[in-house]
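Let's take a walk through this fold together, from the overall build down to single side-chain pairs. Keep the viewer open as you read.

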Amino acid sequence: MAQDSRDKDLQQIKNRLHDLADKSYQQSIYTFTGFLGLGEQDIFWQEETKLRYAGYSLWGGCENADRRVVRFGSPEELGYEMQFPIVCIHIRPLAQKFADELSHRDFLGALMNLGIERGVLGDIKVGEKQAYLFCLDSIGEFICQNLAQVKHTHVKCAVTEEFQNIPQEEPVPVSIQVQSLRVDAVLAKVYNMSREKSLDLFRAGKVYVDGRLCENNSRLLKVGETVNARGFGKFTLTGELRETKKGRLALEAAVYR
């Protein structure tokens, strides 16, 4: 039954994507999905060749966003531009001095307690006792009016365009040496785990490369590609590769914890 339910959910997402693409193409308008997680984005990429006739782009409100909205329609075809219906909400404590140390889970839990569907919420960038939330503009006012407490901390919310204040994820540069650019080998080295443990992540469907589910653990990575391993974080292969005297590949990775 669980598999049947999952298959039904996957089919519903596919149908929704095709309906939005058809509507955009037939009516010459822009259409938008809600925020898609990595698994849902993978479904989009599986269907991409069947959807590209409508034109599309993906955006999450900021660079390197994990959760993104798909927009069907293109300025070239439609003759005008329409921005993504995404706003950023600054969530901060009423009294900084007495605020709890709040995590991503704390902010997300408080939002879920308001009865909000996950699809209207994008990334949550957490800073010191505060956060910046990307969400659909249709829910922004509701959140600002109703989100009053996170954990034990009373908060206030306001839509902001001061994006320069958003906490930026600073990647940690890591130097590693591997026998090959196989994604399982690089993943194991970056996170200092056994090859068998890295294989478990692939078997569980927890590894994505540039937003697409990676089921082929022997796939060769390219410089610039980003690997997301659920439960561990993500990293981008950076810099030039070089071969060591022992015939191994030395490379650099930018690791986001």
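What follows covers the chain as a whole, one sheet with its helix, a second helix, and some salt bridges.

**The chain as a whole**

Please keep in mind that this is a predicted model. The protein chain holds seven helices and 14 strands. Its C-alpha atoms fill a box of roughly 60 × 55 × 45 Å along the principal axes. Of the 257 residues in the protein chain, 44% are buried. The accessible surface of the protein chain comes to about 14600 Å², and carbon and sulfur atoms account for 46% of that. If you count contacts between residues at least 6 apart in sequence, 61% of them join residues at least 24 apart.

**A three-stranded sheet and its helix**

In which order do the strands of the open three-stranded sheet lie? The order is S1-S3-S2, with antiparallel pairing. Strand S1 (31–36) and strand S2 (56–59) are at the edges with a single partner strand each, so one side of each has no neighbour in the sheet. From one strand to the next, the twist averages 20°. Strands of a sheet pair through backbone hydrogen bonds, in a parallel or an antiparallel way. Between S1 and strand S3 (residues 68–72), the antiparallel pairing runs over four bridges. Here leucine 36 stands opposite arginine 68 in S3. Helix H2 (residues 38–51) packs on this sheet and touches S1, S2 and S3. The direction of H2 makes about 165° with that of S2.

**Two sides of helix H5**

Which residues of helix H5 (residues 137–146) are buried? They are Ile139, Gly140 and Ile143. Because these residues cover an arc of only 125° around the axis, they lie on the same side of H5. Ser138, Glu141 and Gln145, on the other side of H5, are exposed. The cover over the buried residues of H5 includes strand S4 (86–93), helix H4 (104–112), strand S5 (121–126), strand S6 (131–136) and strand S8 (153–160).

**Salt bridges**

Side chains of opposite charge can pair when their charged atoms come close. The structure holds ten salt bridges, and the table lists some of them.

| Salt bridge | Closest N to O distance |
|---|---|
| Aspartate 66 – lysine 234 | 3.1 Å |
| Arginine 203 – aspartate 200 | 2.6 Å |
| Glutamate 225 – arginine 219 | 2.8 Å |

The pair of aspartate 66 and lysine 234 links distant parts of the chain, with their positions 168 residues apart in sequence. Aspartate 66 sits in the loop between S2 and S3, and lysine 234 in strand S13 (residues 233–243). Is aspartate 66 buried or partly exposed? Its relative accessibility is 30%, so aspartate 66 counts as partly exposed. Lysine 234, at 8%, counts as buried.

Arginine 203 and aspartate 200 are three residues apart in helix H7 (residues 195–203), so about one helical turn separates them. Arginine 203 is exposed, with a relative accessible area of 56%, while aspartate 200 is partly exposed at 40%.

In the third pair of the table, glutamate 225 is buried, with a relative accessible area of 11%. Its partner arginine 219 is partly exposed at 27%. Elsewhere, Arg182, Asp184 and Arg195 are joined into one network by salt bridges that share partners.

How values were computed
Residues are numbered from 1 along each chain as its sequence is written. This is a predicted model: local features need pLDDT of at least 70, side-chain atom pairs count only at pLDDT 80 or more; totals for chains, interfaces and linings use all residues. Side-chain values use heavy atoms; hydrogens and water are left out. Two strands pair if DSSP finds at least two bridges between them. Axes are lines fitted to C-alpha atoms, for helices over the stretch in contact, and angles run from 0 to 180 degrees between N-to-C directions. Contact means heavy atoms within 4.5 Å. Buried means under 20% relative accessible area, exposed over 50%, partly exposed in between (1.4 Å probe, protein chains only). The arc is that of the directions from the helix axis to the C-beta atoms. A salt bridge is a side-chain nitrogen of Lys or Arg within 4 Å of a carboxyl oxygen of Asp or Glu. Accessible areas come from the Shrake-Rupley method with a 1.4 Å probe; for residues, only the protein chains shown count as cover.
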